[in-house]
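Reader: I have a new structure open and would like to learn how to read it. Could you walk me through it?

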Amino acid sequence: MFEKGVASSTQSHDGSHLRVLIVHARWNKEIVDGLVEGARTTMISKHNVKPENIVTKEVSGSYELPFAAKRLISNSQVQSVTNNDLLGNDSPSEDTDRPFDAVICIGVLIKGSTMHFEYICEAVSQGLMRVGLDTGVPVIFGVLTCLNDEQALQRAGMGKGGDKGHNHGEDWGTAAVEMALLK
């Protein structure tokens with residue numbers, strides 16, 4: 001029997017110098033909030049990312065995640081260049097002046113009785129991949145695509161009964177640090 005999920009890395013990842021963006025949907029808010037907290041807590045406690053270097057923004061739904069991620073990444077890159085030019089510096093003066101090193105996009109899509117679910121899943125998946133490839137900034141796919149409410153709760157560590165499941169936000173936090181360090 002194999003253990004499902006991502007295997008723990010054998011390397012230690014120091015994210016103390018990283019700046020990470022979390023963009024999340026408000027749709028299915030209770031579950032999304034748990035996933036955001038899992039990602040945030042993991043980056044801070046396991047990988048030493050400074051809390052002030054984690055920027056969190058929200059959008060209405062998962063379909064809006066690719067646009068928001070691309071716009072926020074671009075704005076951070078432009079702001080960094082503009083501030084450095086104005087200051088005459090080669091390096092940013094504050095952590096908030098630096099571009100994002102990684103982005104985690106978090107949403108929860110739950111299948112209903114129409115084809116809407118399939119269209120949104122496909123569009124969001126392709127859109128987020130494109131943002132990462134176009135910007136050169138790692139984009140972590142933190143969108144649960146579940147067949148029912150119970151699956152979504154399990155994957156957020158909020159399941160009912162004795163087995164609460166596993167909060168996938170924790171894995172996304174680690175993935176963001178790992179991928180940012182590849183840059």
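Author: We will go from the whole protein down to one residue, and please keep in mind that this is a predicted model.

Reader: Happy to start wide. How many helices and strands does the protein have?

Author: There are 5 helices and 4 strands. Read from the N terminus, the elements follow the order β-α-β-α-β-α-β-α-α.

Reader: And how much of the protein is buried?

Author: Of the 183 residues in the protein, 42% are buried. As for the outside, the accessible surface is about 10,300 Å², and carbon and sulfur atoms account for 53% of that.

Reader: What do the contacts say about residues far apart in the sequence?

Author: Take the contacts with a separation of 6 or more: 76% of them join residues 24 or more positions apart.

Reader: Now for the single residue. Where is T135?

Author: Look at helix α3, which covers residues 116-135; T135 belongs to that helix.

Reader: Why does T135 count as buried?

Author: Buried means under 20% relative accessible area. T135 has 17% relative accessibility, so T135 counts as buried.

Reader: Which residues does T135 touch, leaving out those up to four places away in sequence?

Author: With those left out, T135 touches K70, I73 and Q77.

Reader: What does the side chain of T135 reach on the backbone?

Author: One partner is the backbone nitrogen of V137, at 3.2 Å. A polar atom of the T135 side chain also lies 2.7 Å from the backbone oxygen of V131.

Conventions. Residues are numbered from 1 along each chain as its sequence is written. This is a predicted model: local features need pLDDT of at least 70, side-chain atom pairs count only at pLDDT 80 or more; totals for chains, interfaces and linings use all residues. Side-chain values use heavy atoms; hydrogens and water are left out. Helices (H or I, at least four residues) and strands (E, at least two) are DSSP runs, numbered from the N terminus. Buried means under 20% relative accessible area, exposed over 50%, partly exposed in between (1.4 Å probe, protein chains only). A polar contact is a pair of N or O atoms within 3.5 Å; within protein, one must be able to donate a hydrogen and the other to accept it, and residues adjacent in sequence count only if both atoms are side-chain atoms. Contact means heavy atoms within 4.5 Å. Accessible areas come from the Shrake-Rupley method with a 1.4 Å probe; for residues, only the protein chains shown count as cover.
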